[in-house]
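Please open the model in your viewer and keep the selection panel at hand, as this tour goes from one selection to the next and says what is there at each stop.

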Amino acid sequence: MMRIFFQKYGFLLVIWLPVGWLSLFFMLPLIEMINVSFSEARRAVPPYNPAFQIGEKGISFQPVFDNYLLIYDYWGDYLWPAVNSIRLAFFSTVWCLFFAYPMAWWIARSKKPLQHILLVLVLMPFWTSSLLRMYALIGLLNPNGVINDFLLWAGIIVTPIQMMQTDFSIYSGMLLTYLPLMILPLYASLVRLDNALLEAAADLGAKNWEIFRTIILPLSLPGVIAGCLLVFIPAVGEFVIPALLGGPEQLMLGKVIWTEFFRNRDWPVAAAIAIILIAIIILPVVYARYQDKEGLS
Amino acid sequence: MRRNVPFLVKLLAIIGFGILYVPVIMMMIYSFNKSKLVSVWAGFSTKWYKELWTDDILITALYKSVLIGISSATISTIFGLLIAIAFVRFASFRGRLFLSLVASAPLVMPEAVTGLSMLLLFIAMEASFGWPSGRGIDTIMIAHATFGMCFAAVVIQTRLRDMDKSLEEAARDLGGRQPFVFLSITFPLILPSIIAAWLLSFTLSFDDLVIASFVSGPGSSTLPIVIFSKIRLGVSPEINAVATLMILSISAFVILGSLLVLRRDGKK
């Protein structure tokens, strides 16, 4: 009996169990969030009046655009963090590329035992908590942290340098969190590079810089694009880094959602900001999927 | 590739590794500092580690995090396996596009958005039919399982796709029935990826701060939530000690795992 059931319906079970779970706990929450973003805020529990309701009076749908208008009116409080998120994520991606490229290059060219050790060294931070690594960074960058203490002791500076709550601290945090994500695709494309091409170029008299510019860089471009997308997409929505390392000048959307929700208790506005955050990442995500398909074929 | 690496490249690479490791190593050193003041070195001491075992809040939070991690990782791995089988083995089925969308979107969704949307759903569900009543360990578990299964699916899918199909076909030709073939042939072959998927889902759940903060209720603070609230009060040697223990134990697992993989690859 069981066996016949599984042979007949096992196929459907394999598909519909995950489809059911993800519809219920991923799709439905997003739909509910859109609903809340068009709802009116009120002082009650829950603190909003749902736009879409099934009640005694039947189904009603009365969307309110106040939350999006509020975001527009107070653009300095909401849209500026949006621009800031894109700016900080963009330059973080550039910094990651700047350090990840040489690292990936070195790993790709080193011999076996060293190569494995370096790869494990890249992977290890990937598995450890980003929160803890950000905490470790605070200990380094604080006004009375390790770096300032050392510089004061050495007599290089007289007063501590302000490193926390600056763009510098954000970029350091992003590097610490996202470097491995940039290195891995770069390494994958650099390690496949054909040695014969480089030798041929060198034999024909190309200088190192010319070899890099005309052969290595173009051939590793897919890795560069993949790495940049892998870093940029999560960096835009980052919460822990701006919350722990950034000041008011480094406000990002992830933190704004948090503040609106937990401190101001304005759920509809928090939901509307979340929608804006999704709108920002949707273009790079679609591009990444398109790239992925191209790469496979 | 030609082996000679230009000096500048090597220098930048070493600085890059420095960025990854110097902060963590400094933190580990200062976790043995006797002084309460974090930056003043007052001699070697393990007293902060001893104090950890008397901190009830931390121990309770650790227990909750482990419980949530184990249960959500198990759900994630089972569902991730189902998703992987659906994609690799069933060429086309109704809802394939939908499944590929909902199974990959959580991978790129910002954590704050995932957390907020789930909380809003839990609240709406509670208002309409009374479940889940309040938020606690169960809601965190559901939230973690949901994004964990998408990562698990990616890991298992890669392995399932690269697997040698002829073994399965041979077993089927010899009269093995589908569930039997799967359990005795396919499952052992993809077991390493299943273990990797479980470990990945566990660490994602164990490290998660943002989603858990949204969907947790009073009294269900996980370890990252407790650590985050402590960090906001300032740097302290006690957090240094917790962080050192957590990073060292996970690193030990990663090194052990990589050694096992290397040894297996070496034999081939």
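Begin with α3(B) and α6(B), whose crossing is right-handed. In this predicted model, select residues 56-89 of chain B for helix α3 and residues 137-162 of chain B for helix α6, and you will have two helices that pack at an angle of about 40 degrees, with their axes 5 Å apart. An angle of that size makes α3(B) oblique to α6(B). If you colour the contact between these two helices by residue class, 19 nonpolar residues appear in it, together with eight polar and two charged ones.

Stay in chain B and select Trp131(B) and Pro132(B), which are joined by a cis peptide bond with an omega of about -5 degrees. Pro132(B) is found in the loop that runs between α5 (111-129) and α6 of chain B.

Now show the whole of chain B. It contains 11 helices and zero strands, and its C-alpha atoms, taken along the principal axes, fill a box of roughly 70 × 65 × 35 Å. Colouring this chain by pLDDT is a useful next step, since the average for chain B is 88 and 97% of the residues score at least 70. Which elements of chain B have the lowest and the highest mean pLDDT? The lowest mean, 83, belongs to helix α11 (residues 237-267) of chain B, and the highest, 95, to helix α9 (residues 210-215) of chain B.

Next, bring chain A into view and look at where the two chains touch. For the complex, the predictor gives an ipTM of 0.91 and a pTM of 0.91. Selecting the contacting residues gives 76 residues of chain A against 71 residues of chain B. On the side of chain A that touches chain B, helix α1 (residues 2-37) of chain A gives the most, with 19 residues. By class, that side of chain A divides into 57 nonpolar, 14 polar and five charged residues.

One pair of helices from the two chains deserves a closer view: select residues 167-191 of chain A, which form helix α7, and residues 7-30 of chain B, which form helix α1. These helices pack at an angle of about 120 degrees, and their axes are 10 Å apart. With that angle, α7(A) is oblique to α1(B), and the crossing of α7(A) and α1(B) is left-handed. Show side chains for Leu175(A), Leu176(A) and Leu179(A) on α7(A), and then add Gly16(B), Ile19(B), Leu20(B) and Pro23(B) on α1(B), as these residues make the contact. Counted by class, the contact of α7(A) with α1(B) has six nonpolar residues, one polar residue and no charged residues.

From α7 of chain A, move to the loop between α6 (146-154) and α7 of chain A, where you will find Gln165(A). Although Gln165(A) is not a glycine, it has a positive phi of about 60 degrees.

Finish with the domains of chain A, colouring residues 2-66 as domain 1 and residues 67-296 as domain 2, in keeping with the domain assignment. The C-alpha centres of these two domains of chain A lie 34 Å apart. Where they meet, 11 residues of domain 1 of chain A are in contact with 12 residues of domain 2 of chain A. On the domain 1 side, the largest share, four residues, comes from α1(A), and this side has eight nonpolar, two polar and one charged residues.

How values were computed. Residues are numbered from 1 along each chain as its sequence is written. Chains are lettered from A and ligands numbered from 1 in the order in which they are written. This is a predicted model: local features need pLDDT of at least 70, side-chain atom pairs count only at pLDDT 80 or more; totals for chains, interfaces and linings use all residues. Axes are lines fitted to C-alpha atoms, for helices over the stretch in contact, and angles run from 0 to 180 degrees between N-to-C directions. Angles under 35 degrees count as roughly parallel, over 145 as roughly antiparallel, 65 to 115 as roughly perpendicular and the rest as oblique. A crossing is left-handed if the near helix is turned anticlockwise from the far one by less than a right angle, and right-handed if clockwise. Two residues are in contact if their C-beta atoms, placed from the backbone, lie within 7 Å. Ala, Val, Leu, Ile, Met, Phe, Trp, Tyr, Cys and Pro count as nonpolar, Asp, Glu, Lys and Arg as charged, and the others, Gly among them, as polar. pLDDT is the predictor's confidence in each residue, from 0 to 100. Domain bounds come from an automatic or database domain assignment.
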